[in-house]
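Visitor: I'd like a close look at just one part of this one, taken slowly. Could you pick a spot where the charged side chains are worth a visit and walk me through it?

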Amino acid sequence: MPQCPICKAAVWVGDRYCPTCDHYLPHPEEEDHFCPRCGIRVAPQQEVCHKCKAALPEIDRTLSTASARGSKLLFSIHGIFIGAGLVIVTLLLVFLFKKSPGPPHPVVTPQPQAPAEQTPAAPPMPPTDTAPPAPKAQEPAVLSEPTTPSPPKVTAPTPSSLMYVVNVHSLALRAGPSMSAPRIATLNFHDEVELLETSGGWGRVRDVRRDIVGWSNMRYLAAADN
């Protein structure tokens with residue numbers, strides 16, 4: 001918490017006057033100004049003392065304001081010169097780095113190659129008289145033996161589909177091989193069905209009497225006597 005520079009009492013941030021000693025709380029960049037009558041600290045822009053109501057001399061405000069403005073102007077000029085010097089040094093460094101030549105690259109010149117010696121072509125061989133090939137002796141024709149006809153293929157008759165009968169009072173005929181499948185119809189005791197396929201203890205059967213195809217549990221079906 002900030003303190004008053006005169007009485008060292010704690011003050012709030014933003015207060016202009018100390019609530020204990022009634023002195024003006026200056027900013028860090030402001031100079032000290034005092035009332036010529038009561039000696040209390042006053043602000044540089046005040047015209048009348050806030051305690052004794054005495055008129056404050058104008059020269060103090062003018063000098064303090066001019067000195068403050070001069071110091072600010074001096075600091076701004078120094079800052080401009082420093083910034084310009086840094087920019088110039090940076091540009092010089094960049095220019096020097098770009099202009100510095102790199103190491104020379106060696107130039108390799110290919111050596112002249114000797115022309116390859118041409119080998120003389122071999123002279124063409126004179127044509128030689130070749131005797132005509134001897135005629136081949138004709139071989140006697142071989143009589144082929146008579147072939148015996150193969151016996152006809154006998155196809156075994158495919159077994160007929162398996163027939164079953166229902167051995168319970170009523171049996172559900174479902175759309176799939178599970179108890180959760182929807183029911184299509186109901187088979188009665190001793191109804192004859194044709195087994196088409198099996199899957200996990202279930203059989204896909206066709207009701208012979210009504211020509212309906214569905215799935216039933218195989219434990220409730222018995223083989224029909226042929």
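Guide: One bit of vocabulary first: a residue is buried under 20% relative accessible area, exposed over 50%, and partly exposed in between (1.4 Å probe, protein chains only). By that scale arginine 204 is partly exposed, because its relative accessible area is 30%. This is a predicted model, so local features need pLDDT (the predictor's per-residue confidence, 0 to 100) of at least 70 and side-chain atom pairs 80 or more, while totals for chains, interfaces and linings use all residues. Numbering starts from 1 along each chain as its sequence is written, and side-chain values use heavy atoms, leaving out hydrogens and water.

Arginine 204 pairs with glutamate 197 in a salt bridge (Lys or Arg side-chain nitrogen within 4 Å of an Asp or Glu carboxyl oxygen), and their closest N and O atoms sit 3.7 Å apart. Glutamate 197 is partly exposed too, given its 38% relative accessibility. The model has 5 salt bridges by this rule.

Now step over to glutamate 194 and arginine 206, another salt bridge, with 2.8 Å between the closest N and O atoms. Glutamate 194 belongs to strand β6 and arginine 206 to strand β7 (residues 202–207), so this pair ties together parts 12 residues apart in sequence. (Strands are DSSP E runs of at least two residues, helices H or I runs of at least four, numbered from the N terminus.) Here the two partners fall on opposite sides of the burial cut-off: glutamate 194 is buried at 14% relative accessible area, whereas arginine 206 is partly exposed at 23%. The pair also belongs to something wider, a salt-bridge network that links Glu194, Arg206 and Asp211.

A little further along, arginine 210 makes a salt bridge with aspartate 207, again with the closest N and O atoms 2.8 Å apart. Aspartate 207 is buried, with a relative accessible area of 1%, while arginine 210 counts as partly exposed at 33%.

So who sits beside glutamate 194 in the chain? Valine 193, and it's a good bridge to the greasy side of the story: beyond its neighbours within four places in sequence, valine 193 is in contact (heavy atoms within 4.5 Å) with Arg206 and Asp207, two of the residues we've just met, and also with Leu162, Met163, Tyr164, Leu187, Val205, Val208 and Leu221.

Valine 193 is one of the 10 residues of the largest nonpolar core (buried Ala, Val, Leu, Ile, Met, Phe, Trp, Tyr and Cys joined through side-chain atoms within 4.5 Å), alongside Tyr164, Val166, Leu171, Leu173, Ala185, Leu187, Leu195, Val205 and Leu221. The elements giving two or more residues to this core are β3 (162–166), β4 (170–174), β5 (183–188) and β6 (192–199).

Zooming out, the chain has 1 helix and 9 strands, running β-β-α-β-β-β-β-β-β-β from the N terminus. Of its 226 residues, 20% are buried.

How far to trust it? Mean pLDDT for the chain is 75, with 61% of residues at 70 or more. Residues 154–160 fall below 50, and that stretch has 0 contacts in the model beyond near neighbours in sequence. Strand β8 (residues 212–217) has the highest mean pLDDT among the elements, 94, and helix α1 (residues 58–99) the lowest, 73.
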